[in-house]
Amino acid sequence: MEQHDLQARIEDLLGSVEKPSRYIGGEVNEAVKPDAGVRVALAYPDAYEVGISNQALQILYGLVNDRTAAAAERVYCPWPDMADAMRREGVPLFTLETWRPVRDCDLLGVTLQAELTYSNVLELIDLAGIPLHAAARGQGDPIVLAGGPSASNPMPLARFVDAFFMGEAEEGMERIVAILEATPDRAERLRRLAELPFLYLPERGEEPVERAIFADFAIDTAPTRPVVPYASAIFSRASVEVMRGCTRGCRFCHAGTWYRPVRERPVEDVVRAGLEQLGCTGYDELSLTSLATSDYSGVERAIREIKAAKPDLHLSLPSNRVDTGPVALSAAANSRQRSITLAPEAATQRMRDIICKTITDEMIERAIDAAFGAGYTSLKMYFMIGLPLETFEEVQGIVDLGFRAREIGRRHHGDNGRFTVHVSASNFVPKPHTPFQWDGMAPPEQLRVKQDYLRRALRGRQLKLSLHDVRTSMLEGAIGRGDAITGDVLEAAWRAGARFDAWTEHHREDAWRDAFRAAGRDLEAEATRERDPLDPLPWDHVRSGVSKEFLLDEWYRSRAERATGDCRWDGCTDCGACVGPVRNRLVEA
Amino acid sequence: MRERARFLSHLEMVDVLLAALRRAGFEVALSQGMRPKPVISLALARGVGVASEDEHLSVELVGDDHDPADVLARLVATCPRGVVPLTCAPAGPKADVTGATYRLAFAAPAAAVEAACASYRGADELVVERSSPKGRRRIDVRRFAPDPVCEDGAVHVRIAILEDGSAKPDEVARALDQRADGGLGRAAITRLAVHTAPRGARVGAVETP
């Protein structure tokens, strides 16, 4: 199909699909390099409004376009109405910038941020007209590369992906582009890619692969020209990553292992990048992002300097520790914001010791008091249910804390005051490379009983409750720790119509159940299955840098209901993540 | 609104323009009340997919020393691809939008388009169905767009906005399609002009030729 013919056919389709702006490109700060010799399609396997808000893809997009001669163009998973129309009309998956077919690119890079997007990965490959199985691809096909946090267990997608990038891609991506530029021969490209220590090529067998750590995060310049999405994006704001990694050690948290050690960006760089982004995007909000921004040692100075330059700016600090200091920081950063989020994760001290969330009841109450005292009228509190060793006391604790928060809110705003305590309880899903990787999920019927209890008990004025769909949580648990056979399940489910699994309106439970059954497995049994610490795990060949012994020690400590300190302040825990120059790097002592 | 930018919705367009103004260094005034909103409006909502050579943006900027030429130049530099600011002037007295003129370009031969136009003009009533989340309605498009003419192989049609509503350009295109033997196919639609008149000038009916 000629290029102009493809463009006309795409335009024809856009007249009849929902939200055509998802497919048109042309946003501010997009990069178009029509004459580039090497083209890289960077894909997010979900809808435009989700994918455009992803910071990792924005970083890679800027990096390839700014620092290499290659062109990076963007791809998001077409919504089902568009995908169906594309198949009907024979229109292949295309990039947003130039509306060129993805299959004409040298590389299709897919970021794996969540397991529930895996069926969309297959959807993208198929829509592109690329053979679904890596083994069936030949000289004319792009190399399919997958990265992102969920690549840390590559096995469920191993047969569909040519190479997996393990870890942080800032440095490695330039090396990959250099290989693509050096030779057009697909087999030779794969041979050279296999030599990179952070790439896992399933066709080469389960050889050990090392997670890449971007040691220069703290000295590299922060991205300053993100693509500005159209109005429908889930996040429309500038954002500067102030810190990478977190050593708090929460035992359920994948990112807490996968991004160690902590590397902080200098305050001057944060301020400069933030102001530049505001100038070139037109956003009126700036977010200082990280896994726990209140832990960033330069946070107070950064807020002060940014507010000095832009006094009326909406400055947001997501992911704050539950304590009075972070609440005061949030209030200082954005005096107009009326909503604040705290994440105690568990409501009893026992459970917080089990999961290594080192906060106390007093700290939580003080934080709630500080939040309402600062004028916030919406308090969101995040919890998990179904955690290992959970008893009904822990669920009751969530109810008690919800009511306690309301009581504190009423003290500040009055019994009939206009404020809301919003309790959110998600379902614990064990993740690879965490101390809880050996634990199973709670059975679905148990989760439902607990959810029903929360619904009955947490009722009343000024209280709101939100719960996660048990079906999608179970699926996430069943495929997240999957193996190669999970790939069979995934393919069968996708062929039966599964896509956009995280979207309730598209979730196809029947397709997944049938697919598990056809593979001789049961969805719930996979999700709830405990792993024996002595048995090998499907992701054992992926070296995160954090040793398996450390994870096992942490698992044992969880059984002893003992928390572990943070190595930034409490001494080294010997997790294994620091090697040579790669170690915790704080900007202010 | 040219090229792919025509697929932006009305609300997306407002958002795009607000961001462009901020990039250009302007502060948009906020409305009064509990939930202040930027004081900005586009005179006439445009259907998704409809290109336009005439959009009327009205915006209140903070400060009172704005040179229209400077505002235009800065906005030209900060608008995304396909969104092309053409002129800029201080706001005049408030006006009502009374209609808009559209160009409907069909792929069918010019003679067929000409014949469809003639047939359309000769009809007493041209009813098309409008579907929306609120349900289905039957619209007599001829009441609002009585006089389409052929120019350069395309149809130019003025669609009035009356006190009781209006027709959409794609509805006029469908009515034309229905009048053609064998149909005309889908039309590429471009808004050529937005027509305004002093407040209160909007009428209940247009004169039918």
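Colleague: Which domains does the assignment give for chain B?
Modeller: Chain B is assigned domain 1 (3-78) and domain 2 (95-198). Bear in mind that this is a predicted model.

Colleague: And how far apart are the C-alpha centres of those two domains of chain B?
Modeller: They lie 28 Å apart. In the contact, domain 1 of chain B takes part with ten residues and domain 2 of chain B with eleven residues.

Colleague: What classes of residue are on the domain 1 side there?
Modeller: The side of domain 1 of chain B that touches domain 2 of chain B has four nonpolar, three polar and three charged residues.

Colleague: Moving to chain A, what are the domains there?
Modeller: For chain A the assignment gives domain 1 (3-212), plus domain 2 (217-468 + 546-570). The C-alpha centres of these two domains of chain A are 31 Å apart.

Colleague: How many residues does each domain of chain A put into the contact?
Modeller: Domain 1 of chain A puts in 19 residues, and domain 2 of chain A puts in 22 residues.

Colleague: Which helix gives the most on the domain 1 side?
Modeller: That would be H3(A), with five residues. Helix H2 (48-51) and helix H3 (55-67) of chain A each supply at least two residues of that side. By class, the domain 1 side has six nonpolar, eight polar and five charged residues.

Colleague: Okay, now between the chains: how many residues come from chain A and chain B?
Modeller: Chain A contributes 17 residues to the contact, and chain B contributes 19 residues. On the side of chain A that touches chain B, eight residues are nonpolar, seven polar and two charged.

Key. Residues numbered from 1 in each chain as written. Chains lettered and ligands numbered in written order. Predicted model: local features only at pLDDT ≥ 70, side-chain atom pairs only at ≥ 80, totals over all residues. Contact = placed C-beta atoms within 7 Å. Nonpolar A, V, L, I, M, F, W, Y, C, P; charged D, E, K, R; others polar. Domains from an automatic or database assignment. Helix = DSSP H or I, 4+ residues; strand = E, 2+ residues; numbered from the N terminus.
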